[in-house]
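Work through the exercises below with the sequence and the 3D model open. Try each task before reading its solution.

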Amino acid sequence: MENIILAGYGGHARSVADCIERQREFNIIGYTDLKKYESPYTYLGNDDVLKKCYDNGIHNAAICIGYLGKGELRQNIYLSLKKIGFNLPVIIDPSAIVSKSAQINEGVFIGKGAIVNAEAKIGKAAIINSNALVEHGCSVGNFAHIAVSAVLCGQVKVGDFAFVGASSTIIQHREIHRNQIIPAGSVVR
C-alpha cells in the first residue's frame, strides 16, 4: 500500500480521507494546512514541508480543500504539488458508480453514491460530491465542483472553476460557464 498526504484539512478533507480509507489503496501519512486541527491524522506542518515529504519517498497527495469559491485555490495547490512531482490519484468512494467509458483526470474526487455515466469527462481536480449524478456525455471542467445530490442531465457542459450547488438540476444540453455559481436547489432549463 502506497503512502499519501492530505493537502489541506477541514470538512471536505474528512470526506476525502474516509473514501481513501474505504478504497484501501493508500495509507494516509498525515495532512498539511496553515494550522493544526483536531484530527485522527498527523499534522505535518504547512505546505513548506511538502517538498521534504516528497524527498522522503511520499509521492502521492490528495487535494482536500473543498470548493466554496476556492476553485482557484485548488488550482494553486494542484500546481504546487505537480511542480514538486506529486502524483494526484483519483479518489473514488467504493459506493460510487463510474462508467468504464468515462474519462476521469488526475486529482478528481468522486464521493459516496455518486454516479458518473457513460462518456462523461471530468477535468483535473474536480469534485463530484456525494450522491451527485453526472449523466452521459457531460463534461465537468478543471477544478469545478458538483455538490451533494446535484444532477447534470445528459450532455451538460460545466466550465472550469464552476460550482453547481447542492440538489440543483441542470437540464440536458445546457452550459454552465467558467467561474459560474449555480445556487443550491436551482433548476437550469
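**Exercise 1. Which side chain meets Lys112 in a salt bridge, and where does each partner sit?**

Solution. This is a predicted model, so its coordinates are computed.
- Step 1: The side chain of Lys112 meets that of Asp18, at 2.5 Å from N to O.
- Step 2: Apply the cut-off. A salt bridge needs a Lys or Arg side-chain nitrogen within 4 Å of a carboxyl oxygen of Asp or Glu, so the pair qualifies.
- Step 3: Place the partners. Lys112 is in the loop between β8 (109-110) and β9 (115-116), and Asp18 is in helix α1. They are 94 residues apart, so the bridge links distant parts of the chain.
- Step 4: Put the pair in context. The whole structure has six salt bridges.

**Exercise 2. In what order do the four strands of the open sheet lie, and which stand at the edges?**

Solution.
- Step 1: The order is β3-β2-β1-β4, with parallel pairing.
- Step 2: The edges are β3 (43-45) and β4 (61-63). Each has a single partner strand, so one side of each lacks a neighbour in the sheet.
- Step 3: From one strand to the next, the twist averages 35°.
- Step 4: Check one pairing. β2 (residues 26-32) joins β3 over two parallel bridges. Here Tyr31 stands opposite Tyr43 of β3.

**Exercise 3. Which strands do helices α1 and α3 meet, and at what angles do they run?**

Solution.
- Step 1: Take α1 (residues 11-23). This helix packs on the sheet and touches β1 (2-7), β2 and β4. Its direction makes about 160° with that of β2.
- Step 2: Take α3 (residues 71-84). This helix lies across β1 and β4. It runs at about 165° to β4.

**Exercise 4. In what order do the strands of the six-stranded open sheet lie, and which residue stands opposite Ile92?**

Solution.
- Step 1: The order is β5-β8-β11-β14-β17-β20, and the pairing is parallel.
- Step 2: β5 (91-92) and β20 (181-182) are the edge strands. Each pairs with a single strand, so one side of each has no neighbour in the sheet.
- Step 3: β5 and β8 pair in the parallel sense over two bridges. Ile110 in β8 stands opposite Ile92.

**Exercise 5. Which residues line the largest cavity, and how do they divide by class?**

Solution.
- Step 1: The structure holds one cavity of 30 Å³ or more. The largest cavity has about 40 Å³ of space.
- Step 2: Its lining is Ala62, Ile63, Pro89, Ile91, Gly107, Val108 and Phe109.
- Step 3: Sort them. Six are nonpolar, one is polar and none is charged.

How values were computed: Residues numbered from 1 in each chain as written. Predicted model: local features only at pLDDT ≥ 70, side-chain atom pairs only at ≥ 80, totals over all residues. Heavy atoms only, no water. 1 Å grid on protein atoms, 1.4 Å probe; cavity = no way out; pocket = protein on both sides within 12 Å on 5 of 7 lines; lining within 4 Å. Points joined across faces, edges and corners; volume = space filled by probe spheres on them. Nonpolar A, V, L, I, M, F, W, Y, C, P; charged D, E, K, R; others polar. Pairing = 2+ DSSP bridges. Axes fitted to C-alpha atoms, helices over the stretch in contact; angles between N-to-C directions. Contact = heavy atoms within 4.5 Å.
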